[in-house]
Amino acid sequence: MQFRPLGKTGLSIAPLVFGGNVFGWTADEKTSFDLLDAFTDAGFNAIDTADVYSSWVPDNKGGESETIIGKWLKRTGVARDKVVIITKVGSDMGQGRRDLRKSWILEEVEASLKRLQTDHIDLYLSHWPDDATPYEETLEAHASLVAAGKVRAFGASNLDANQLEASFDAADKAGLPRYAVLQPEYNLYDRAGFEGPLADLCRKEDIGVITYFSLASGFLTGKYRSKADTEGTARGQAVQRYLDDKGQRILAALDQVAAETGAKPAEIALAWLMAKPAVTAPIASATSLSQLASLTRAASLSLSADQVALLDRAGA
């Protein structure tokens with residue numbers, strides 16, 4: 001397994017991150033344990049979650065995903081330095097707002113550590129921009145957690161180029177460490193938010209990038225090709241927006257590359273992301289061992305320049 005440095009954090013991760021948003025949602029505890037066992041047994045090491053996962057499920061309140069990961073860590077006895085745990089703070093956990101105040105971060109990190117049953121988080125991300133809180137206050141909170149040994153590195157999710165640049169300026173003026181990792185939405189279909197100024201800034205400043213919605217809510221697996229295919233599925237509503245001319249062009253390109261390589265569309269879509277110079281690793285989730293086996297094969301799939309160009313044109 002070829003590990004990649006995650007920006008300047010000092011962390012190294014395999015080229016695929018497991019998305020823990022499914023834990024406590026479409027994957028129950030036993031299935032989650034099996035998936036995590038298989039993922040790490042295959043040589044992968046990074047697991048992404050958030051304090052708020054999976055609060056959208058009826059009767060859930062958030063923290064379910066972290067709790068399952070914590071139970072898995074304790075059950076398996078896996079060496080803690082062999083796993084990179086990524087979690088996020090800042091979503092509404094009942095306080096009524098997206099929240100990156102120092103007081104909230106210092107409170108919520110303790111809840112995450114307890115649920116994860118660990119003494120440190122490898123990568124702690126500010127989940128959403130919080131316009132009501134100065135960057136300096138948020139960065140000071142993160143820096144204090146690093147100093148205390150509770151967090152190894154920190155970054156942000158969902159910032160655009162101007163926001164990320166502003167956070168750098170604030171850090172430099174206050175003498176605080178910068179965000180070292182970005183988690184943007186980026187996939188073959190949704191490209192405008194990352195490509196261009198944001199990707200250029202990440203490359204210029206050596207920011208680690210781990211992409212979410214890497215398979216566009218499952219659309220890029222190729223199993224959703226019409227509205228009828230989405231009915232009765234957990235992600236059906238989210239997938240319907242991709243069923244337009246652009247989406248069909250992308251599916252056709254994935255089908256062509258699949259015919260040439262023998263790989264599945266999801267594997268190709270992930271390999272396309274892995275080939276992007278600004279991307280460290282995409283995040284993807286699975287709810288069965290067969291799905292997971294397919295996703296992990298993406299790490300050994302090498303696309304030709306012509307195949308990358310074909311996919312680029314389809315999703316332009």
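A residue counts as buried when its relative accessible area is under 20%, and as exposed when that area is over 50%, with partly exposed in between. Keep those cut-offs at hand for the views below, which all come from a predicted model.

**Figure 1. The whole chain, where 54% of the 316 residues count as buried.** Welcome to the overview. The secondary structure comes to 12 helices and 10 strands. Along the principal axes, the C-alpha atoms fill a box of roughly 50 × 40 × 35 Å. A compact globule with 316 residues would have a radius of gyration near 20 Å, and the 19 Å of this chain agrees with that. Take the contacts between residues at least 6 apart in sequence: 76% of them join residues at least 24 apart.

**Figure 2. The surface and charges of the chain.** About 13200 Å² is exposed, and carbon and sulfur atoms supply 49% of that area. The chain carries 34 positive and 42 negative charges, and the mean positions of the two sets are 2 Å apart.

**Figure 3. The largest nonpolar core, with 86 residues.** In soluble globular proteins, nonpolar side chains tend to be buried together. Here, the members that touch the most others are Phe-23, Phe-194, Leu-220, Leu-254 and Leu-311. Helix H10 (residues 265-274) gives the largest share of this core, eight residues. Another core, of 16 residues, lies apart from it and includes Ala-46, Leu-125, Ala-153 and Ala-180.

**Figure 4. Leu-220 and its contacts.** Zooming in on one of the members that touch the most others in the largest core, we leave aside neighbours within four places in sequence. Leu-220 is then in contact with Asn-187 and Leu-188, with Ser-214 and Leu-215, with Ile-250 and Leu-254, and with Pro-265, Ala-266 and Ala-269.

**Figure 5. Thr-67 in helix H2 (residues 64-76).** Is this threonine, Thr-67, buried or partly exposed? Thr-67 counts as partly exposed because its relative accessibility is 28%, which falls between the 20% and 50% cut-offs. From Thr-67 to Gly-262 the C-alpha to C-alpha distance is 38 Å, and the two residues are 195 apart in sequence.

**Figure 6. Thr-118 in the loop between helix H3 (102-116) and strand E6 (121-126).** Thr-118 is buried, since its relative accessible area is 13% and buried means under 20%. Not counting residues up to four places away in sequence, Thr-118 touches Arg-80 and Leu-113. Gly-70 is 48 residues from Thr-118 in sequence, and their C-alpha atoms are 7.3 Å apart in space.

Definitions and conventions:
Residues numbered from 1 in each chain as written. Predicted model: local features only at pLDDT ≥ 70, side-chain atom pairs only at ≥ 80, totals over all residues. Heavy atoms only, no water. Core = buried A, V, L, I, M, F, W, Y, C linked by side-chain atoms within 4.5 Å. Buried < 20%, exposed > 50% of the residue type's maximum accessible area, 1.4 Å probe, protein only. Helix = DSSP H or I, 4+ residues; strand = E, 2+ residues; numbered from the N terminus. Contact = heavy atoms within 4.5 Å. Rg over C-alpha atoms; globule rule 2.2 N^0.38 Å. Areas by Shrake-Rupley, 256 points an atom, 1.4 Å probe, with all protein chains shown as cover. Lys, Arg positive; Asp, Glu negative; His and termini not counted. Charge placed at Lys NZ, Arg CZ, Asp CG, Glu CD.
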